Structures are given as C-alpha cells and as structure tokens.
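Me: I would like to go through a few backbone and packing features with you, one at a time. Could you show me how to read each of them?

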Amino acid sequence: MRRRLAAALLLVGMLPALPSAQPKPEYHLSLDQGRLLAAQALGNGKPELTLDLTKARLRADRQDSLAWYLRAAAQARLNAASAGRRSAARAYRFAPDSAGKFRAAQLAARLSVTEERHTLAQIWLRRTAIHAPDETSEERIAQDYKVLRRLNPWAFQLRGELRPSNNVNNGADSTLEVIDGVPTLGRFGPRAVALDGVVGVVDASLSRRLHQTATSRTTLSARAYVQRVALSSGAKAEAALLAQQSGTTVPRNSEFGSTYGELALSHGFAVGPADKKGTAAVGVALGSAWYGGDKSYDLMRLNGRRSWQLSAQNALIVDVSGEQRFDPRSPAQDGQVYGLGLRLNRRLGNGDQLDVSLALRDTRAGHVNATSQTATLRLGYKFADAIGPARISTGLILGRTDYDQYIAGFPARYLPDGREDTSIYADLNIFFEDYDYAGFAPTLRLRAGKRDSNHSRFQSREVSVSLGIQSKF
C-alpha cells in the first residue's frame, strides 16, 4: 500500500524548490519507507515532519505501535508532554512484544514526570517492570521509583493477605473451663473455642505530604484495615454441635470480622548533627474500631518517636503513645492505653540484620477484665542475600500479660491471683522477589505458637500460613 507524502516533504524543504509555473511532482512511499523517513526526521531534529509523516501512517493503520511511539517522541521534543504521553500510551497498547511495551512505557513515565503527574509516572514505571528485559533494567527501575516516591506528595500502600489457620477466632483449646488447675462447672460455647478456617486481610493507606523542607516533613494520612473470617465446613459443624449443647446460636462468619479506620497527622524532623542522622516525629490520630459488624469504640491517639544512629551498624528507635477511647460499646472497651517501645537494629558484618524490640503496654479500662499490663519481646533476623529465588526473615516473640483482677468462673468470682498469660510465637517470612508482576511479588509467612494461662479460656495454640503480596520497591 502506498501514500502520497509530497505535501509533507515540501513543507520542510526536503525537496528542491520548483518553478511555480510547473506542477508539483508526486512522490510515492511505502508505509515502511514513510515510517523510516519519520524516524530519520526525528533523528535530524525535525519533529514537525515526524508528526506529519506519522499522521499519514496512522491514517492507514491506527494500530501501528512504532508510528505512535515516533509521534510521542516528536511531541516530547515539541514540549507537548500531555499529547506525547497519550501517544506513548497507544504505542504501549498496540506494541506486539515486550521490547516495544517496555520502550513505550518508559517514554510515558518520563512524560508523566514532565507533566508533574508523579502518581501516573509511578504507574507507568510499574508497567515497565512487567517487561524489563534484564536484571540491570529492573535495578534501574527500582532506583527511578525511589526518586518518584520522593517527588510525589501522594503515597499509597496496599497489603493483602490470606491466612489459613487452625484458630481464626483466637479461641480456647478446650470447651472445659479450668481456673488455676481446678475445673469449674462452666463450659465454653461455640464462639469461645478454637475454630479453623481462613482469615482474609486488606490493609490500605493513603497519605499526602503537606509540607516538606530539607529537615522536616508534615503528612496527612488515612488508613483502612479490614479483616474477615471464613470458617471451614468442619468448624461450622463443630460450632453447630457446641451451640446445641450450650443452648446458644450458631456463630456466623461475620461475627469474627474486624475493621479499623483512622485519620492521622504527623510531623517528622531532623534532630542533632546531620552526620548522626537523628530524627524525631510527633503525631495525632483519630480512629474507630468495629468487631462483628458493630462499632467497638472511637479513639484519639498521640504518639512520638525518636531515633538515633548510634554507629554505622547500630540504630536505636524509641516510641511512646497514649490513647483515649470514646463512645465504647461496653465498659471493657473504655479507658486509656499507654505504650512504650524500644527497638535496636544492628547490621552485621555479612550484611544481615538483627532486630531486638521490647514493647510495654498499660491498659486502664472501665472493667477489671480489660485492665492489664503487657510486655512483648521480639527477636528478628533478616538475611541480606537471597536464598534461591527468595529473601528470608524470621522472628521469635515472647509475651507476658498480667491482669491484677479478673472475674471468671461459674458462678462468677474474682480469681485469687488475677489472670496471667504467657505466649511464645515464631514466624518465618519468605519473599519471592524473582516472581514479580509490575514490581509486586508474593510472600509466604509461616507462624506457629501457643498461649498459656491460668484460665483455660485463654489457653490456645495456632498454626497458620499466610499468602500475601509485597512491593519490591
């Protein structure tokens, strides 16, 4: 197929001028020749000619990816970033192979940056990651994405997880109520014993950088955390039997679901000498919590953080928080919660990381059964080098919770020594970074542990496997 392109050629003076009395000659170029000429014109600094040639080419074939790409490049030369990005998007859509899609997505990302549409640039950069030809390109994409994250005042994070577990409702190991080793007349209903099934989690956050200088940053953020439970067929049958024995109703999946939402304002700033890399942050958050479809309470939380770079290998972080709850569904969900956290991070000589963290929590509720003091120690280890196709980290968690006073038993009474819980959990986290799509790769988390208590309602064991998705950059 051939097109007449003499008019476009004459406009840029590529053909010799002819006497006006003579008729203008007609030049016939094939589509491939026109495309080649468009590329040469672009290389010779004549983007206007490229636009004319690609326009003629696209009249013949609207799905010519290369023509759209050349058009986008020409529009970029003419500072028409918005039009160029749209042309690059069409080049990406019609590209017949990964090489063409990679090239078009890269151009669309650059033009989005020119437009200062940084979120759109991040989307296009993730599309380049789908078609990256080699590891070097992937590393460059990750570096570019970090730059975009600093430029973009908006940030969005999304985490999803599916967790098969033998204890989705944090229930007891047995239906028998035993207090300090002595059985009582009480028996637990279907909602209080461990039920197996699958837990699904969606955790999303959106933040906007309000102000930033070389040494400080103020951010407004919103977060939504949604957890839902699906009981297995065996758990449903067990729950139905227990309901019949205890004269209660059969629990539904929705009764074990939880939701949390918050709006937070934070301000971070540098502290001390620049070479020490010290930082601090203060923040306030307003939130609401739901369980089983009903609101549990509203809250306001104040928090602060201070970090020190003790040396090239060691960093220390201290967190403090205070939370006031409002409009509780019951007295047990009322009160104040105070927290203190210490975390030491050490980078070892081989590049591995060792984390030691201690968290203290003091809860002062409107009911004695919810008033407690908790201490949690976590030891974490992260391997610097990948093992096969995955990066691995692991942790061990030890916990202790004391309730000075606790009412339980049948008939109900104060426990002589209150309630005492101890727990131990271990987890193994595997990140399959080589199996990514658009920079997102699957994660696998194995968790196992148990909680012991002087009240059998709170003695439980859990084994779970979590499947999730995590960003590589």
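Me: Where is Ala-438 placed?
Reply: In this predicted model, Ala-438 lies in the loop between strand 18 (419-431) and strand 19. Its backbone deserves attention, since Ala-438 has a positive phi of about 55° although it is not a glycine.

Me: Is Ala-438 buried or exposed?
Reply: The general idea is to compare the relative accessibility with a cut-off, and buried means under 20%. Ala-438 has 11% relative accessibility and therefore counts as buried.

Me: Which value does phi take at Asp-327, and in which loop is Asp-327 found?
Reply: Phi of Asp-327 is near 45°, again a positive value in a residue other than glycine, and this residue belongs to the loop between strand 11 (314-326) and strand 12 (335-347). Asp-327 counts as partly exposed because its relative accessibility is 49%, and the class of exposed residues begins over 50%.

Me: How should I read the strands that follow, and how many bridges pair strand 19 with strand 20?
Reply: As a general idea, the side chains in a regular strand alternate between the two faces of the sheet. Here, strand 19 (residues 440-453) and strand 20 (residues 460-471) pair in the antiparallel sense over 12 bridges, and the hairpin that joins strand 19 to strand 20 runs through six residues. To locate the register, one can take Gly-449, whose bridge partner in strand 20 is Glu-462.

Me: What joins strand 3 to strand 20?
Reply: Strand 3 (residues 154-165) and strand 20 run antiparallel and are joined by three bridges, and Leu-162 stands opposite Leu-467 in strand 20.

Me: Turning to helices, at what angle do helix 4 and helix 5 pack?
Reply: The general idea is to look at the angle between the N-to-C directions of the two axes, where a value over 145 degrees counts as roughly antiparallel. Helix 4 (residues 65-77) and helix 5 (residues 81-94) pack at an angle of about 160°, with their axes 8 Å apart, and the two helices are therefore roughly antiparallel to each other. In addition, helix 4 passes helix 5 in a left-handed crossing.

Me: Which residues make the contact?
Reply: On helix 4 the contact is made by Ser-65, Trp-68, Tyr-69, Arg-71, Ala-72 and Gln-75, while helix 5 contributes Ala-83, Gly-84, Ser-87, Ala-88, Arg-90, Ala-91 and Phe-94. Sorted by class, this contact of helix 4 with helix 5 has seven nonpolar, four polar and two charged residues.

Definitions and conventions. Residues numbered from 1 in each chain as written. Predicted model: local features only at pLDDT ≥ 70, side-chain atom pairs only at ≥ 80, totals over all residues. Heavy atoms only, no water. Axes fitted to C-alpha atoms, helices over the stretch in contact; angles between N-to-C directions. Helix = DSSP H or I, 4+ residues; strand = E, 2+ residues; numbered from the N terminus. Parallel < 35°, antiparallel > 145°, perpendicular 65-115°, else oblique. Left-handed = near helix turned anticlockwise from the far one by under 90°. Contact = heavy atoms within 4.5 Å. Nonpolar A, V, L, I, M, F, W, Y, C, P; charged D, E, K, R; others polar. Pairing = 2+ DSSP bridges. Buried < 20%, exposed > 50% of the residue type's maximum accessible area, 1.4 Å probe, protein only.
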